[in-house]
Amino acid sequence: MRLMASADPMAAAEVYYKDEKTSIKSEQLLEEQAKRDAKAYFKAHGVFWTTMGATLISPAAGLATGAATSAVSPNINTDYNPNRHLMKEAAYREAYQKYAKRRKVGKAAAGFGVGAAILGVVYMVAASVEAGG
């Protein structure tokens, strides 16, 4: 038990679930579980902040950065998913990738939106200071 506690959770899960049988037989149920798991466990690390930061520099740069980070397929092997053993099922894996990509695109869009809103506020404040002063 002590050895497992010090191991990386993903490595431990991969070894533990390697020979486990899938308990879900229906493709529809696998896809529904993949959707729930992607929503709960997939983290698009850095996509929001990268897109927002680039948008603050230039809206065009933010749009390009958001598009580029969204175009790259999500790496589903690095996130912590307790149902990782289901990845061996094609229906689950494809659905998980699909919903993880949606989350990643959503984070990029949110980063662009927040960056554009902040930039708009900065421009309005700068214009009002210039007009009033």
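The following exchange concerns aromatic pairs, a nonpolar core and a helix contact in a predicted model.

Modeller: Residues are numbered from 1 along each chain as its sequence is written, and side-chain values use heavy atoms, without hydrogens or water. In this predicted model, local features need pLDDT of at least 70 and side-chain atom pairs count only at pLDDT 80 or more, while totals for chains, interfaces and linings use all residues.

Biologist: Which geometry describes the pair of Phe 48 and Trp 49?

Modeller: Rings of Phe, Tyr and Trp (its six-membered ring) pair if their centres lie within 6.5 Å; planes under 30 degrees apart count as stacked, over 60 as edge-to-face and the rest as tilted. The structure holds 2 aromatic pairs. In the pair of Phe 48 and Trp 49, the ring centres are 5.0 Å apart and the planes stand at 90°, so the geometry is edge-to-face.

Biologist: Is Trp 49 buried or exposed?

Modeller: Buried means under 20% relative accessible area, exposed over 50% and partly exposed in between (1.4 Å probe, protein chains only). Trp 49 has 60% relative accessibility, and therefore counts as exposed.

Biologist: Why are Tyr 92 and Tyr 96 separated by about one helical turn?

Modeller: Tyr 92 and Tyr 96 form a stacked aromatic pair, with 6.0 Å from centre to centre and 25° between the planes. Tyr 92 is buried at 0% relative accessibility, and Tyr 96 is buried with a relative accessible area of 0%. Helices are DSSP runs (H or I, at least four residues), numbered from the N terminus. The separation is about one helical turn because the two residues lie in helix 6 (residues 90–132) at a spacing of 4 residues.

Biologist: Which element gives the largest share of the largest nonpolar core?

Modeller: A nonpolar core is a set of buried Ala, Val, Leu, Ile, Met, Phe, Trp, Tyr and Cys residues joined through side-chain atoms within 4.5 Å. The largest one has 16 residues, and those with the most contacts inside it are Leu 30, Ala 34, Phe 42, Met 87, Tyr 92 and Tyr 96. Two or more residues come from each of helix 3 (27–41) and helix 6. The largest share, 7 residues, is that of helix 6.

Biologist: How is helix 5 oriented with respect to helix 6?

Modeller: Axes are lines fitted to C-alpha atoms, for helices over the stretch in contact, and angles run from 0 to 180 degrees between N-to-C directions. The axes of helix 5 (residues 59–71) and helix 6 come within 9 Å and cross at roughly 170°. Angles under 35 degrees count as roughly parallel, over 145 as roughly antiparallel, 65 to 115 as roughly perpendicular and the rest as oblique. Helix 5 is therefore, relative to helix 6, roughly antiparallel.
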